[in-house]
Amino acid sequence: MKLRIILVIAGAMLNAAVARTAQAQPDTRTLAPAIGRWLADSLLDRMADDSPFYINTPTTPFDSVVAAGMQASHRTEPAGAPRPAQHEWVATHGFTLRGDTAAVAVEMGTTKPGEGGAAATTYVEQHLYLFVPAGSGWRFVRRTAMPEPVPPHEIFTMESAAVGETRRIAVYLPPGYAESGAAHYPLLYMPDGGVQEDFSHVASTVDAGIRAGEMRPMIVVGIENTRRRRDMTGPTQVEEDRLRTGIHGGSAAFRRFIADELIPEVERRYRVTDQSAIIGESLAGLFIVETFFLQPELFDTWIALSPSLWWNAGELVRRAEERLRARPDRPEVLYLSSADEEEIVSTTTRLAEVLRANASPALRWQYTPRPDLTHATIYRGAAPGVLRDLFPPCTAGRC
């Protein structure tokens, strides 16, 4: 059982916190709602399953942000010094903001290497400070130390020319795969697919569904993240998007990796059918919807949970009608859902309206709002039912 605690430090932290925010960008009250929305999406994403903490926020956390600021600093390491991976952290400080009003300051930071190589490397350290009323529902929850169980699986790595790096892939094989000889299986691909990311709970859901006779046997292929925001997003003209994500705009290269390198390698290694699906949440959901429109032949079932369709001022939604009309007319499934998040609900609802008016009869699509779930809980809360509904057991040889 997760121990829920608020990390509170004495009121003496006020002076230090105020001193830090004094160096922040001007007009922090104007920044507050935008940074709060960034927090609602991006910070929850960066709290990976192996993080010691996750954030439990109110329904619209950006509404309770009363002040915010950002600052950046640089440092340089000499040539030949080790280049650590990007580091991210979160901390809270409890203090009195003004008068008798208690508040909690949330500090988030990212340290990432800039250009360097053999030469000296510059590191950019970014800080984000939020100030929210203590009674507004913000709290940090300490995770249990027990790792999440994961069914038996295989790991392999591959060099990718498309993204210019080594990618790590986790593969779940259904019960009886080794003994089934000639049997071939459909595929479920998933971004955010590292064992310390979402692979564990999705593979566990599939394994349990198969063993209970509630799902057809299938193979799950998890793609572990390297630079998530780079891979899951296309270009954007919106400055706020750039502030939220940092490195971005690499979805086309990531899609080439999947289409031209990963899928052929999976088909070479495993006994698969021509049926394939993809599932993801948040920015991964954005990538799935983008791929649905831009490379429709890649999968036949698309599952996007709380997709971040606000990206680039909702460009995917604005161009959905023209892209649907140009889309090949072939049988496929699109499943959309959204949690209790105003920004994502509004854009996903608009996409559903476009689908209702313009989708081909061959496209079986569904939009299921889940106001009972949050951005942090929709993947685990919705995926078991969705996967069982979309991939029921085969009957009389028909799937």
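Accessible areas here come from the Shrake-Rupley method with a 1.4 Å probe, and for residues only the protein chains shown count as cover. On that basis, the accessible surface of the protein chain comes to about 18,100 Å², and carbon and sulfur atoms contribute 54% of that surface.

Colleagues, this is a predicted model, in which local features need pLDDT of at least 70 and side-chain atom pairs count only at pLDDT 80 or more, while totals for chains, interfaces and linings use all residues. Residues are numbered from 1 along each chain as its sequence is written, and side-chain values use heavy atoms, with hydrogens and water left out.

The protein chain has 11 helices and 15 strands (DSSP runs, H or I of at least four residues and E of at least two, numbered from the N terminus). Of its 399 residues, 51% count as buried (under 20% relative accessible area, 1.4 Å probe, protein chains only).

Let me turn to the interior. The largest nonpolar core, a set of buried Ala, Val, Leu, Ile, Met, Phe, Trp, Tyr and Cys residues joined through side-chain atoms within 4.5 Å, has 53 residues. I219 and L262 have the most contacts inside this core. A second, separate core of 28 residues includes A277, I279, A382 and V386.

Leaving aside neighbours within four places in sequence, I219 is in contact (heavy atoms within 4.5 Å) with residues including V171, Y185, L188 and V272.

Finally, S251, F254, R255 and I258 in helix α6 meet F287, E290, T291 and L294 in helix α7.

How values were computed:
Buried means under 20% relative accessible area, exposed over 50%, partly exposed in between (1.4 Å probe, protein chains only).
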